Amino acid sequence: MQAGSAVRRSGGVAPWLLTVLGLGLLALLFLSFALDEPPAPSVPGPRPSEARVAYFEFVTTSDTLWLAEVAEPSRREGLLSVRHAPEYGVLASLSPAGDRVAYTALPPDTAAPGRDSPADLWVVDLREGAEPRRLAGGVDLLVRPVWSPDGELIAVRRSGGAGGYRLAAVSLTDGRERAVLDSPEAAFPVAFTKDGRTLAYVALNAAGSYLRSVEVDGGGQSDLARLSDGLTRDWALSPDGRSLAYVALSYRGGEASSRAFVLDFATLAVRPVGDPSADAFGPVWSPQGRLVIGSLGSGGVALLTADGRALPGPARGFEVPLAAGAGDSGYVVRSFTGSSVSAPGAASLTYIAPDGARKTIASGEVTFVGWIEP
Amino acid sequence: MLAGSSLSIARDLKLPLVFAAALLAVTAAWARPESAAAEGCAFPFVPTTYEDLKDRQLFIDTIELASFDMLFPGDPYFGLGEIEVGPREDRHLEPARVPPVLLKSIAWIESAITQAGTLIPFGSIGPALVSFDCGHGVTQLTTGMTVPEGELGRGSPEQALVATHFAYNIARGARVLVDKWNKAPEERPVAGTDTIGHPAVVENWYFAVWSYNGFTGPGATRSNHPMDPIYGTWPRQPYSCGPKEDGLGHNRALYPYQELVFGCATNPPEVDGEPLWAAQPVTLPDLNDRQVRSRLRLDNFVFPYEDMDIPTPKPLHVDLTPQPDPALREKILGSPVLATHTDAIQIPSSPDGSAAAYLHVFNTGSGVLAWYAVASVPWITITPYTGVAVGLDMPCEPDVPCDRFGHMALKVDPRAAPAGPKAAQVFVYALGLPQMSVIDVTVGTEVAAGTSARGPD
């Protein structure tokens with residue numbers, strides 16, 4: 001039982017006639033491009049010399065991939081329009097080098113689409129003129145693709161097989177796919193190790209969230225750590241690969257809370273970060289390894305760094321970090337105008353400059369892809 | 001691909017050409033016939049069905065009738081039956097009712113309230129909507145639709161009604177929703193521990209609606225657990241089926257099913273600028289509330305889920321949709337009358353069994369007639385063996401497919417047929433009605449492979 005399309009046709013014209021008319025118009029269109037100079041964009045595009053942000057803007061039947069300057073978001077460029085099943089947007093991730101985007105999307109002609117409809121995996125080069133390439137079909141729409149550090153592999157998840165869930169690695173070189181893990185437990189790919197040979201993933205079962213690893217080439221599996229006795233989310237590996245930050249829904253003494261933690265791989269110690277009385281959101285690392293989390297509690301709202309530094313919150317609402325720039329170049333956050341998780345209000349993609357000034361990058365329904373350093 | 005220039009190209013003079021070409025391409029694609037049925041579902045073909053007009057008024061009226069059990073009361077498969085009411089430890093049965101707005105919202109989320117495939121125009125007749133996981137029609141029923149459940153490996157008459165007739169599909173969807181409600185407390189949690197779990201409270205359907213899409217837990221692709229990490233955005237704005245400019249969320253990939261349905265009830269879809277129903281506020285459990293969060297914790301998501309019971313989310317609401325006029329049932333279902341173009345037909349004989357005779361089914365009455373054909377012998381194959389014949393009172397839009405007749409091909413399986421003269425019968429039933437036609441079938445002299453005896457145009 002799943003969702004359907006809200007878009008319908010009104011019918012009645014012969015397909016051959018439509019095809020002929022369409023071809024004629026396309027020919028006319030081609031001629032018009034061939035004879036004219038390309039139009040000058042009314043708004044300048046982003047400069048490669050500046051930090052940029054990539055994001056998808058959701059529309060009912062297609063999402064548009066935009067590239068915008070972080071500090072001057074009006075300088076933006078539409079790179080790609082991705083048609084997808086009505087009402088179901090894409091899920092994307094940026095390659096480590098910041099030059100490609102992998103995304104999952106439901107094919108536009110999916111009948112009665114739903115979150116569990118088989119999705120396609122695509123990759124597109126952000127360089128001008130590149131066409132997206134379909135790498136695989138039948139993957140899970142909602143599980144974000146994970147890149148290997150060298151950008152040669154993408155980890156995806158498939159559901160419904162004999163094992164329940166399969167984590168697979170797809171090669172960008174030859175498109176070949178290798179099964180990495182078949183698991184009866186729900187498994188989420190988190191990150192590859194630096195050498196790309198091992199994939200860390202989180203497994204969920206009734207006893208909690210577990211961080212495990214598996215050799216990509218079919219080797220052994222390892223239990224790394226029990227992250228929580230409950231649900232965890234927003235797992236983020238530090239740039240040096242030594243720590244994993246995440247948010248856990250914790251239950252202590254009958255109290256429920258959403259808290260951020262950091263796992264140290266060397267000691268396997270887990271330590272909380274942030275205000276214990278506040279809800280935590282979206283831990284992210286800067287390229288230099290500075291951790292920042294969103295915090296919403298009785299003491300107000302703030303972005304907190306792991307060393308306890310608090311950045312002043314917005315005039316109203318609260319913010320969920322999405323990316324931190326290199327050095328002290330600021331943050332990209334999802335801003336909410338409301339005051340609580342249950343009433344978050346309107347959302348927008350926002351840049352926070354080092355001086356605390358905020359600038360809206362995009363309003364409305366936006367899927368953040370990544371921060372691209374110059 | 002729009003690489004090389006900004007999207008300001010859309011404001012260029014070429015825009016009309018781009019749009020026109022794209023529109024024609026899309027329209028040409030839409031003009032293609034619907035794709036084949038999902039493999040392994042109730043039928044090896046996609047049965048035909050009637051599609052409502054764009055305003056969906058017929059289907060929405062049908063939903064309201066179904067919500068009040070006014071379509072097929074007492075029917076063990078298509079009637080609502082009884083519903084359990086009361087606290088976990090003291091449930092009793094009452095005649096079932098479903099808040100109509102929930103059924104409307106479910107129908108919108110499932111199919112945009114359409115019975116036919118997405119390529120089929122409004123106000124027309126064509127292949128039914130069948131999803132990859134065998135969801136059928138308006139309510140996208142998968143329960144009981146994934147494998148043939150009839151005799152001889154066929155889809156059953158009940159399955160045929162679900163696939164072909166919007167009213168039966170909607171009625172069955174309502175019944176399945178009630179069945180999901182009734183799984184509590186033995187197999188599901190109770191929503192409404194402080195309101196005796198009464199089904200008149202819309203919010204108390206939280207777990208039943210969740211179950212309609214599958215009571216799946218954390219990590220699953222179809223997970224509907226509201227705290228599931230599979231929903232990449234946290235927190236998330238309330239979902240809306242309304243206009244894209246309403247400041248709410250519209251990307252369904254970001255929401256568990258019950259949030260889609262409750263959000264759609266609160267923010268109804270619009271067709272040509274008009275909402276399909278009056279907005280009905282429905283309160284979701286407050287995930288900011290520590291008690292609610294505690295109830296939804298991971299280690300509570302264990303069968304039979306008794307530790308997940310929650311109080312009614314506040315403020316609570318009651319759907320005050322008035323009970324429909326009983327006369328509406330007759331108007332919607334009509335009075336179908338079964339007829340066939342002949343009562344005797346001859347199938348040409350061919351060595352490879354490819355020769356066919358065609359039998360045509362009419363509805364000389366009104367409404368939608370779901371027909372179902374059965375041969376008296378196993379060596380006659382009928383394809384398709386179910387579909388619809390549509391009365392003249394059911395409106396079709398101009399210039400859209402509107403073949404009101406049912407058609408089936410009768411063939412002889414030469415491997416199974418006996419030697420010598422062959423005679424048999426085909427029975428054509430009007431499903432849900434006490435009507436049947438009997439067709440005498442004979443097998444003709446052998447003809448070349450591929451030859452068919454055609455019925456009247």
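Trainee: In E9(A), which residue is the bridge partner of A:Trp147?
Mentor: Keep in mind that this is a predicted model. E8(A) and strand E9 (residues 153–159) of chain A pair in the antiparallel sense, with two bridges between them. In E9(A), the residue that bridges to A:Trp147 is A:Ile154.

Trainee: And which strands are at the edges of the open sheet E8-E9-E10-E11 in chain A?
Mentor: The four strands there run in the order E8-E9-E10-E11, with antiparallel pairing. An edge strand pairs on one side only, and in chain A that picks out strand E8 (146–147) and strand E11 (177–183).

Trainee: There's another open sheet in chain A, E3-E2-E1-E28. What is its average twist from one strand to the next?
Mentor: This sheet also has four strands, and its pairing is antiparallel. Strand E3 (76–83) and strand E28 (366–372) of chain A each have a single partner strand, so one side of each has no neighbour in the sheet. Going from one strand to the next, the twist averages 20 degrees.

Trainee: Which residue in E28(A) stands opposite A:Arg52?
Mentor: Strand E1 (residues 52–58) of chain A pairs with E28(A) in the antiparallel sense, over six bridges. Opposite A:Arg52 in E28(A) you'll find A:Ile372.

Trainee: On to rings. Are A:Phe318 and A:Phe336 stacked or edge-to-face?
Mentor: A search over all chains turns up 31 aromatic pairs, and this is one of them. It links distant parts of the chain, with A:Phe318 in strand E24 (residues 318–324) of chain A and A:Phe336 in strand E25 (residues 331–336) of chain A, 18 residues apart. The ring centres are 5.1 Å apart and the planes are at 20 degrees, so the pair is stacked.

Trainee: Over to chain B. Which residue takes a positive phi in the hairpin of E2(B) and E3(B)?
Mentor: Strand E2 (residues 82–85) of chain B pairs with strand E3 (residues 92–95) of chain B in the antiparallel sense over four bridges. B:Val85 stands opposite B:His92. There are six residues between the strands of the hairpin, and the one with a positive phi, near 125 degrees, is B:Gly86.

Trainee: Now the helices. How do H2(B) and H3(B) lie to each other?
Mentor: Helix H2 (residues 57–67) and helix H3 (residues 100–111) of chain B have axes that come within 9 Å and cross at roughly 135 degrees. The crossing is right-handed. An angle between 115 and 145 degrees is neither roughly perpendicular nor roughly antiparallel. The two helices are therefore oblique.

Trainee: How many residues of that contact of H2(B) with H3(B) are nonpolar?
Mentor: H2(B) brings B:Ile60, B:Ile63, B:Glu64, B:Ala66 and B:Ser67, while H3(B) brings B:Pro100, B:Leu103, B:Lys104 and B:Ala107. Take out one polar and two charged residues, and the nonpolar ones number six.

Trainee: H2(B) also packs on H5(B). How many charged residues are in that contact?
Mentor: Here the axes of H2(B) and helix H5 (residues 166–182) of chain B come within 9 Å and cross at roughly 40 degrees, and the crossing is right-handed. The contact includes B:Phe59 and B:Ile63 of H2(B), and B:Phe166 and B:Ile170 of H5(B). Nine of the contact residues are nonpolar and one is polar, while the charged ones number: no charged.

Trainee: What is the axis distance between H3(B) and H7(B)?
Mentor: H3(B) passes H7(B) in a right-handed crossing. Among the residues that meet are B:Trp108 and B:Ile109 in H3(B), and B:Tyr257 and B:Phe262 in H7(B). The contact has eleven nonpolar residues, one polar and one charged. The helices pack at an angle of about 115 degrees, and their axes are apart by 8 Å.

Trainee: Last one, backbone oddities. Which residue other than glycine has a phi near 75 degrees?
Mentor: Most residues other than glycine have a negative phi, and most peptide bonds are trans. Chain B has cis bonds from B:Trp234 to B:Pro235 and from B:Lys314 to B:Pro315. In the loop between strand E4 (124–127) and helix H4 (157–164) of chain B sits B:Cys134. The residue with that positive phi is B:Cys134.

Key
Residues are numbered from 1 along each chain as its sequence is written. Chains are lettered from A and ligands numbered from 1 in the order in which they are written. This is a predicted model: local features need pLDDT of at least 70, side-chain atom pairs count only at pLDDT 80 or more; totals for chains, interfaces and linings use all residues. Side-chain values use heavy atoms; hydrogens and water are left out. Axes are lines fitted to C-alpha atoms, for helices over the stretch in contact, and angles run from 0 to 180 degrees between N-to-C directions. Angles under 35 degrees count as roughly parallel, over 145 as roughly antiparallel, 65 to 115 as roughly perpendicular and the rest as oblique. A crossing is left-handed if the near helix is turned anticlockwise from the far one by less than a right angle, and right-handed if clockwise. Contact means heavy atoms within 4.5 Å. Ala, Val, Leu, Ile, Met, Phe, Trp, Tyr, Cys and Pro count as nonpolar, Asp, Glu, Lys and Arg as charged, and the others, Gly among them, as polar. Two strands pair if DSSP finds at least two bridges between them. Rings of Phe, Tyr and Trp (its six-membered ring) pair if their centres lie within 6.5 Å; planes under 30 degrees apart count as stacked, over 60 as edge-to-face and the rest as tilted.
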